[in-house]
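Colleague: Please choose one charged residue in this model and take me through its surroundings slowly, widening the view to other parts afterwards. I am new to this, so please explain each term when you use it.

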Amino acid sequence: MADKPLRVPITNVHGGGDYTAEIRIGSGGTKANVILDTGSSTLAVIPKVYDVKGDSAATPTPLAQDVIYGTGGWAGPVVTTKIALGSVSLDAYIAVTADDEPGGFGAADGIMGLAYNVLNNAYNLSSYLEEQGHEAVTYPWPFPTKNTSAAVQQVQSFLQRMPEEDLPPYFTALKDAGIEKDIFAFYTQRSVPSLRSANPEDDSLNQGFFVMGGGPEQEDLYTGSFETVDVVNDAWYNTDLLSVQVGDAEPVKAKKLGAKYAKTMISNSIVDSGTNSLALANDVFQAIASSLQTLNPKFIQAIEAASRGTVKTSSLGLENWPDITFTLRGEQNEPVALKCSPTTYWQADCPQAGQASFMIGTSGMPQSILGLPLMNNYYCVFDRTQNPYGVIRFAPIKPSV
């Protein structure tokens with residue numbers, strides 16, 4: 001087991017808000033900036049960055065993967081090769097997005113999913129490829145590539161008829177190999193890049209840390225003590241959202257999932273580092289909107305103006321806006337109140353310096369996705385050592401470390 005945690009610098013500039021870390025791939029140590037995503041489990045990179053043919057450490061497999069996110073999707077072969085993150089490395093599975101929708105990862109080179117095995121399914125094409133007279137490996141990719149949404153969905157429909165197996169995600173593989181403990185943490189301050197300067201890459205607000213194999217011992221990244229939220233299932237980092245409260249208004253209970261959705265979504269909320277907004281269930285969003293309207297009708301006018309275009313940050317008077325409190329079920333079934341501040345649910349200096357973007361919307365589902373605007377307020381430790389599914393610990397961040 002690693003003697004001490006590994007702190008890795010991350011930035012939101014390449015991922016357009018989602019935080020990326022640099023990994024090194026294969027015999028040549030090819031560098032790729034991958035999104036760190038607690039809402040998925042697959043490690044994948046674009047072929048423009050990583051050339052399997054030039055990697056003497058790569059071993060093709062009969063496996064293929066196809067993943068569709070909210071921002072796009074891809075399909076491609078799975079190979080094994082050496083993957084390094086910071087000072088740790090091991091041989092692991094990685095997919096190459098042979099057929100993908102352009103821009104699915106923004107300006108990033110790929111994605112590293114940090115969720116559980118159940119989200120890292122692959123399809124074994126051995127029998128199919130042998131029947132077609134091909135070698136039983138998926139690299140080179142044996143299908144035509146069209147790089148469209150329709151093509152990716154068509155490949156997905158085909159693959160779902162093949163035998164399926166779960167692959168260990170990269171972080172899980174590190175834990176299983178005894179290289180890292182089953183715990184990681186995020187320190188972030190923004191959910192979209194701040195464009196207040198000519199060089200966003202150098203802006204401290206756009207930088208953060210990903211801590212592998214630890215969390216609470218990084219005392220320079222947070223203040224006070226941790227509040228602990230229970231993870232109720234490993235479909236994602238599933239949580240139970242109990243209520244939402246705007247300022248000092250009365251809390252409003254969050255609806256439980258109906259029977260129609262409970263089997264697949266499991267719970268009414270998830271915590272997702274790969275979502276740069278608060279994408280809320282309709283009842284939760286409406287509760288917030290109604291409370292803001294009651295407090296000050298100008299709040300809703302500003303939100304509507306932002307939905308039509310841009311608003312000046314100076315016109316908002318963010319010091320007058322209330323905190324929004326999300327109360328989740330704690331480790332001992334106690335209520336845990338997490339505050340989202342106006343300066344994180346409004347993001348200043350985006351899409352341009354002096355302008356602001358409103359980062360709360362609806363998910364279109366009965367499940368709330370608690371993304372970066374909530375995480376930005378806290379140093380967030382995903383502790384998977386606690387049975388059965390782990391916990392998430394939240395402590396107030398120290399700004400601009």
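Modeller: What follows starts at a single residue and then moves outward through the chain.

This is a predicted model, in which local features need pLDDT of at least 70 and side-chain atom pairs count only at pLDDT 80 or more, while totals for chains, interfaces and linings use all residues. Residues are numbered from 1 along each chain as its sequence is written, and side-chain values use heavy atoms, with hydrogens and water left out.

The residue to look at is Asp272, which sits in the loop between strand E18 (269–271) and strand E19 (278–280). Helices (H or I, at least four residues) and strands (E, at least two) are DSSP runs, numbered from the N terminus. Asp272 is buried but has no salt bridge, and the nearest side chain of opposite charge, that of Arg384, is 12 Å away. Buried means under 20% relative accessible area, exposed means over 50%, and partly exposed is in between, using a 1.4 Å probe and protein chains only. A salt bridge is a side-chain nitrogen of Lys or Arg within 4 Å of a carboxyl oxygen of Asp or Glu. As for charge, Lys and Arg count as positive and Asp and Glu as negative, whereas His and the chain ends are not counted.

What, then, does Asp272 touch, if residues up to four places away in sequence are not counted? Its contacts (heavy atoms within 4.5 Å) are with Asp37, Thr38, Gly39, Ile369, Leu370, Gly371, Leu372 and Met375. For Gly39 there is a further detail, as a polar atom of the Asp272 side chain lies 3.1 Å from the backbone nitrogen of Gly39.

Arg384, the side chain of opposite charge just mentioned, has a partner elsewhere: it forms a salt bridge with Asp182, with the closest N and O atoms 2.9 Å apart. Arg384 lies in the loop between strand E27 (378–383) and strand E28 (391–396), and Asp182 in the loop between helix H3 (170–176) and strand E12 (183–187), so this pair ties together parts that are 202 residues apart in sequence. Both Arg384 and Asp182 are buried.

The loop between E27 and E28 also holds Pro388, which is joined to Asn387 by a cis peptide bond with omega about -5°. The two strands beside this loop are linked by a salt bridge as well, with the closest N and O atoms of Asp383 and Arg393 lying 3.2 Å apart. Asp383 belongs to strand E27 and Arg393 to strand E28, so the pair ties together parts that are 10 residues apart in sequence, and both of these residues are buried.

The count of salt bridges comes to 7. Another of them joins the side chains of Arg196 and Asp203, at 2.7 Å from N to O; here Arg196 is partly exposed, with a relative accessible area of 47%, while Asp203 is buried at 5%.

Two further loops show a backbone feature to look for in the display. Ile266 has a positive phi of about 75° although it is not a glycine, and its place is in the loop between helix H4 (259–265) and E18. Asp349, likewise not a glycine, has a positive phi of about 60° and is found in the loop between strand E23 (346–348) and strand E24 (355–358).

For a helix, turn to H2 (residues 149–159), where Ala151, Val152, Val155, Phe158 and Leu159 are buried. Seen down the axis of H2, these buried residues fall within an arc of 120°, so they line one face of the helix; the arc is that of the directions from the helix axis to the C-beta atoms. On the other side of H2, Ala150 and Gln154 are exposed. The cover over the buried residues of H2 includes strand E5 (59–69), strand E6 (72–85) and helix H1 (126–131).

Finally, the whole protein has 8 helices and 28 strands, and 55% of its 401 residues count as buried. Of the contacts with a separation of 6 or more, 73% are between residues 24 or more positions apart.

Note on methods:
Polar contact = N/O pair within 3.5 Å; in protein donor to acceptor, adjacent residues only side chain to side chain.
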